[in-house]
Amino acid sequence: MAGGELADGWLRSEAMAPGPERRGRAAEEEPAPLEKAVVNNAAMNMGVQVSLGDPAFSSLEYVPRSGIAGSYAFFQDEDSCSDCSNQDKPGTRLQSFVPEGTTHFPEVFQTSHLLFYERFRAYQDYILADCKASEVREFTAEFLEKVLESSGWRAVWHTNVFEVLVEVIDVDYAALKAVVSLADPYLCDSPVSTFTLECMQELLELKEHRLPLQELWVVFDDSGVFDQTALAIEHVRFFYQNIWRSWDEEEEDEYDYFVRCVEPRLRLHYDILENRVPSGLIVDYRNLLSQCEESYRKFLNLRSSLSNCSSDSEQENISMVEGLKLYSEIEQLKQKLKLIENPLLRYVFGYQKNSNIQAKGVRPNGQKVTHVVASTMMTGLLWSLLRDRLCQEPSKEEIEIQFHGDPLSAINACYEGDTVIVCPGHYVVHGTFSIADSIELEGYGLPDDIVIEKRGKGDTFVDCTGTDIKISSIKFVQHDAVEGILIIHHGKTTLENCVLQCETTGVTVRTSAELLMKNSDLYGAKGAGIEIYPGSKCTLSDNGIHHCKEGILIKDFLDEHYDIPKISMVNNVIHNNEGYGVVLVKPTIFSDLQENVQDETEENNALKIQTSEEASAAERVELDELIQCATGKMELYARSDLSEQVEDNCEIVNELVAASTQKGQMKKKRLSELGITQADDNLMSQEMFVSIVGNQFKWNGKGSFGTFLF
């Protein structure tokens with residue numbers, strides 16, 4: 001009996017399954033219920049839960065209903081919604097809520113809190129499968145025909161201006177619309193009092209009584225009959241509000257739309273909900289989306305006006321030029337959106353955060369202040385401070401001293417030229433260290449004795465924009481972060497004798513910023529320990545970088561105005577990282593250029609540096625001089641036990657030089673296509689790095705050096 005009931009229940013659930021005309025993944029991955037179901041006979045006789053082997057169906061329950069042997073339905077976890085008033089009622093496992101407002105509407109189904117995997121499998125297996133962008137509406141209509149009740153249910157028509165109760169009398173599946181009439185009694189809620197019964201009837205007549213399904217919220221029914229209707233409309237509503245873009249249909253249809261667009265956008269949506277994306281990146285994404293939608297709207301209007309112009313008219317020529325500009329702008333915006341939507345590229349490229357920190361400058365009276373931070377000040381500690389830091393030179397002019405109980409208040413009180421001395425202790429902060437002036441932040445003692453720990457959800461730990469910032473002898477511990485432990489937007493920041501216990505990215509050096517890091521230890525980053533942006537300067541000396549996703553990540557973009565960063569790495573130990581010790585990110589077009597690069601010559605075969613077939617003998621001499629300049633100091637370390645680290649240093653040098661060479665060739669090629677020639681292509685002027693010597697690379701998961709092409 002139990003087995004037959006299960007089989008019958010699954011057959012009833014085929015209304016949710018893709019039809020035979022569906023192709024690809026939907027047909028191939030449909031689960032086999034009789035083989036995967038784990039059923040307790042006694043439990044089945046009572047009509048309780050059936051577990052399926054597929055984890056995507058872990059939220060399915062078998063629910064006996066009147067007149068129906070059984071059906072499977074997605075439902076929410078009990079903790080996902082605050083209103084659980086109906087959870088003990090038979091027939092439905094969906095929850096309900098009452099719409100806000102002054103009008104007493106009936107309860108509606110609560111479907112907006114579905115989990116990621118519930119939406120993922122619904123779109124992948126039942127709605128979109130492997131359809132193309134041009135087939136989305138067709139596939140959605142087919143899905144709705146199978147699961148949507150065509151009439152006999154009520155819904156709240158929700159708009160930005162009003163809410164009104166309607167009754168559905170038919171569904172136009174192809175148009176994704178419902179044919180409705182006003183429910184009796186008439187219920188309407190609006191801040192505007194003009195929506196009377198007569199006005200609403202007139203509005204419906206103008207719309208021919210046809211309303212978009214995504215504007216309807218199904219009225220709750222505990223029998224379970226309308227569960228699938230409510231869920232189907234929720235999937236359509238969520239798709240067109242959060243996934244679909246107006247330009248998608250014009251995209252290339254080379255492969256399925258789900259993989260190309262739906263999955264990355266769905267993941268981004270839930271990453272934002274779960275605080276996995278920096279707040280600045282969220283703002284950037286939404287701004288880019290608005291810009292792209294506005295530009296696309298202008299493009300459509302322009303294209304429409306062109307069809308009404310007479311051929312070869314002056315107005316048409318002008319409009320054609322404007323159209324090309326708009327098209328180029330739209331393509332650039334779409335590429336930026338895709339970078340953010342892709343989880344890997346989002347991590348690799350981050351975003352150019354514009355810090356709003358304003359420097360205070362020098363105090364009006366010109367005085368510089370020393371800020372002393374101590375949770376408790378004892379006489380012995382005060383005497384040591386006076387002797388070692390505050391009164392080293394008796395003849396020196398008087399200085400003002402301010403005492404603080406926590407480092408954050410001391411940083412916020414600083415002006416240009418101030419010094420913050422942090423006494424031994426464990427300090428817990430909940431805000432961001434925003435340092436916009438040139439100050440010194442130093443610990444009085446060993447780093448392990450001076451710990452600053454950041455707790456609570458947030459973005460950056462330390463934000464640096466000052467011209468010359470110095471931080472020393474402090475241990476920073478990061479928790480619950482979505483950005484790096486330290487970001488240098490511009491100016492120079494010096495880290496000396498510090499310990500950085502990271503959670504996301506470690507230290508980020510933005511374009512035009514400079515980092516000098518000495519005798520420090522960095523570990524625990526889920527991203528890169530150090531991210532180096534184009535046009536920045538980074539000097540690393542005698543540091544340990546370990547137990548990160550990647551040790552050091554160097555970003556190189558295709559844009560001509562970005563220079564390769566200036567990097568100096570001396571005597572660092574980079575070990576036990578999950579990926580590479582050092583990884584270079586660059587466009588795939590660089591790899592295409594290699595076909596036009598000549599074979600290695602005997603002179604530079606050991607260093608494996610490629611040069612262009614068009615490179616002159618003088619350019620080759622310059623290149624050899626550059627290599628010798630970068631590797632000359634390596635002879636000091638060329639002992640037998642250090643032979644491997646020398647090879648690793650050479651490998652980094654080779655790749656950076658090759659990338660710079662190829663970028664120069666690409667720029668030269670572009671200028672040539674425009675009819676512009678360049679007199680000199682001097683690699684020395686780029687000063688890609690100062691020195692890369694004496695570094696040790698040990699036990700990194702993928703090796704010492706790697707390249708990521710995008």
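The dialogue below walks through the sheets, helix pairs, backbone details and a cavity of one predicted model.

Student: What should I know about the model before I begin?

Tutor: The model is predicted, and local features need pLDDT of at least 70, side-chain atom pairs count only at pLDDT 80 or more, while totals for chains, interfaces and linings use all residues. Residues are numbered from 1 along each chain as its sequence is written, and side-chain values use heavy atoms, with hydrogens and water left out.

Student: How many strands are in the open sheet that begins with β17, and what is their order?

Tutor: Strands of a sheet pair through backbone hydrogen bonds, either parallel or antiparallel. Strands here are DSSP runs of E with at least two residues, and helices are runs of H or I with at least four, both numbered from the N terminus; two strands pair if DSSP finds at least two bridges between them. This open sheet has 8 strands in the order β17-β20-β23-β26-β29-β32-β35-β38, with parallel pairing. Its edge strands, each pairing on one side only, are β17 (433-435) and β38 (703-709), and the twist averages 15° from one strand to the next.

Student: Which residue is the bridge partner of V507 in β29?

Tutor: The partner of V507 is I530, and the two strands concerned, β26 (residues 507-509) and β29 (residues 528-532), pair in the parallel sense over 3 bridges.

Student: What is the strand order in the open sheet that begins with β16?

Tutor: That open sheet has 8 strands, ordered β16-β19-β22-β25-β28-β31-β34-β37, and its pairing is parallel. At its edges lie β16 (425-429) and β37 (696-698), each of which pairs on one side only, and here the twist averages 10° from one strand to the next. Within this sheet, β28 (residues 521-523) and β31 (residues 544-546) pair in the parallel sense over 3 bridges, with L522 standing opposite I545 in β31.

Student: How many bridges join β27 to β24, and how many join β27 to β30?

Tutor: Strand β24 (residues 491-496) runs parallel to β27 (residues 513-518), and 6 bridges join them, with L516 in β27 as the bridge partner of T494. Strand β30 (residues 537-541) pairs with β27 in the parallel sense over 5 bridges, and there C538 is the bridge partner of L515.

Student: How do α5 and α9 cross, and at what angle?

Tutor: Two packed helices are described by the angle between their axes and the distance between the axes. The axes are lines fitted to C-alpha atoms, for helices over the stretch in contact, and angles run from 0 to 180 degrees between N-to-C directions. The axes of α5 (residues 116-127) and α9 come within 11 Å and cross at roughly 165°. That makes α5 roughly antiparallel to α9, a term used for angles over 145 degrees. The crossing of α5 past α9 is right-handed, meaning that the near helix is turned clockwise from the far one by less than a right angle, whereas an anticlockwise turn is left-handed.

Student: Is the crossing of α6 past α8 left-handed or right-handed?

Tutor: The crossing of α6 past α8 is left-handed. The axes of α6 (residues 136-147) and α8 (residues 227-243) come within 9 Å and cross at roughly 165°, and the two helices are therefore roughly antiparallel to each other.

Student: Where are the cis peptide bond and the positive phi of S512 found?

Tutor: Most residues other than glycine have a negative phi, and most peptide bonds are trans. A cis peptide bond joins D184 and P185, with omega about 5°, and P185 is found in the loop between β9 (177-182) and β10 (188-189). Phi of S512 is near 75°, a positive value in a residue other than glycine, and S512 is found in the loop between β26 and β27.

Student: Which residues line the second largest cavity?

Tutor: A cavity is a set of points, on a 1 Å grid over the protein atoms alone, where a 1.4 Å probe fits but cannot get out, and lining residues have an atom within 4 Å of a point. The lining of the second largest cavity consists of R245, W247, D248, E251, C261, R265, K334, L337, K338 and E341. The largest share of that lining, 4 residues, comes from α11.

Definitions and conventions: 1 Å grid on protein atoms, 1.4 Å probe; cavity = no way out; pocket = protein on both sides within 12 Å on 5 of 7 lines; lining within 4 Å. Parallel < 35°, antiparallel > 145°, perpendicular 65-115°, else oblique.
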